[in-house]
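User: I should like to go through the terms used for this structure and see how each one is justified. Please set every value against its definition.

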Number of protein chains: 2
Amino acid sequence: MSVIKINPKLDLVLEREIDVPVELVWIAWTTPRHLKEWFVPKPWTISRCEIDLRPGGAFNTTMRSPEGEEFPNDGCFLEIVEHRRLVFTDALLPGFRPSEKPFFTGALLLEPHGQGTKYTAIALHGTEEVRKNHEGMGFHDGWGTVAGQMVDYIKGGKISH
Amino acid sequence: MSVIKINPKLDLVLEREIDVPVELVWIAWTTPRHLKEWFVPKPWTISRCEIDLRPGGAFNTTMRSPEGEEFPNDGCFLEIVEHRRLVFTDALLPGFRPSEKPFFTGALLLEPHGQGTKYTAIALHGTEEVRKNHEGMGFHDGWGTVAGQMVDYIKGGKISH
């Protein structure tokens, strides 16, 4: 049992059934060279990705706009259950140091579903206001778009078991 | 190896050699009825203590002034290595939800030292300003005082192996 409890007033949830296996979704999420190919809606790109897959380890990405402006997102992993659950936050930097710009804790939940995966992405926030801001920034479209990009990338055969 | 890295500009560290064994220090830190007896400098008291000893589990305490004013501190555990290392933060509430008042991440490091314990308490901060505030609030005196209260409590024989 995860300690994570969803509060509909504070949190955002995206649920999808996708037709790629959990093992490949896990690799797509936890390998920098793969994550860079799908993690932001195109034509934006990921110009930097650092993954240190342990509690307190770095989960740092930089998103780059088509005009070349860069937006770093630094944080760390909190909970790692291979092929099932990945929890991370930007409220703590690598090494569990409090950050200056806490925004959300993310949780990716995976379950095998036939030959595919039940894919659940959760964003936990501290207040309703932050949840509304995240929703307004396009959480559902954005996370839905990148889930689709990830499925296409996996189906392209670039990841091997 | 812990992921924690001390930065002298941002962090505060208290190191002590104490003549009580690591196993009893661990119990004193992780059992609400014991922690309540020593965790704040007297005559302040701990009026509430909730400990759910797993990553993301609650570490909530309320400090009560002699005049009866109460100061809740809610947070969660991040890393638990029995008898050796306990990491917790108020930047995340139980269930890893970002908090509204992030202040510091705490790490308790224990090492057997003869019949006693090398006791290291670390406070990690996000900025120099927060470190200075914590120092000004009396980090060294306060954490030193409660370490002494803990040793006295353990020597009083209230904790059994």
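Analyst: Buried means under 20% relative accessible area, exposed means over 50%, and partly exposed lies in between (1.4 Å probe, protein chains only). This is a predicted model, in which local features need pLDDT of at least 70, side-chain atom pairs count only at pLDDT 80 or more, and totals for chains, interfaces and linings use all residues. Residues are numbered from 1 along each chain as its sequence is written, chains are lettered from A and ligands numbered from 1 in the order in which they are written, and side-chain values use heavy atoms, with hydrogens and water left out.

User: Why does Phe96(B) count as buried?

Analyst: Phe96(B) has 0% relative accessibility, so it falls under the 20% limit and is buried. Phe96(B) also has a positive phi of about 70 degrees although it is not a glycine.

User: What makes the contact of Asp11(A) with Arg97(B) a salt bridge?

Analyst: A salt bridge is a side-chain nitrogen of Lys or Arg within 4 Å of a carboxyl oxygen of Asp or Glu. The closest N and O atoms of Asp11(A) and Arg97(B) are 2.6 Å apart, so the pair meets that definition. This pair crosses between chains, from the segment before strand S1 (12-18) of chain A to the loop between strand S6 (85-89) and strand S7 (105-113) of chain B. Strands (E, at least two residues) are DSSP runs, numbered from the N terminus. Both Asp11(A) and Arg97(B) are buried.

User: Why is the pair of Lys118(A) and Glu15(A) said to tie together parts that are apart in sequence?

Analyst: Their side chains meet in a salt bridge at 3.7 Å, N to O. Lys118(A) lies in strand S8 (residues 116-124) of chain A and Glu15(A) in strand S1 of chain A, so the pair joins parts 103 residues apart in sequence.

User: Why is Glu15(A) called exposed, and why is Lys118(A) called partly exposed?

Analyst: Glu15(A) has 51% relative accessibility, which is over 50%, so it is exposed. Lys118(A), at 30%, lies between the two limits and is therefore partly exposed.

User: How do you know that Arg64(A) and Glu70(A) form a salt bridge, and why do both count as partly exposed?

Analyst: Their closest N and O atoms are 3.2 Å apart, so the distance is within 4 Å. Arg64(A) has 35% relative accessibility and Glu70(A) has 39%; both values lie between the limits, so both residues are partly exposed. The search of the whole structure finds 16 salt bridges over all chains.

Terms used: Helix = DSSP H or I, 4+ residues; strand = E, 2+ residues; numbered from the N terminus.
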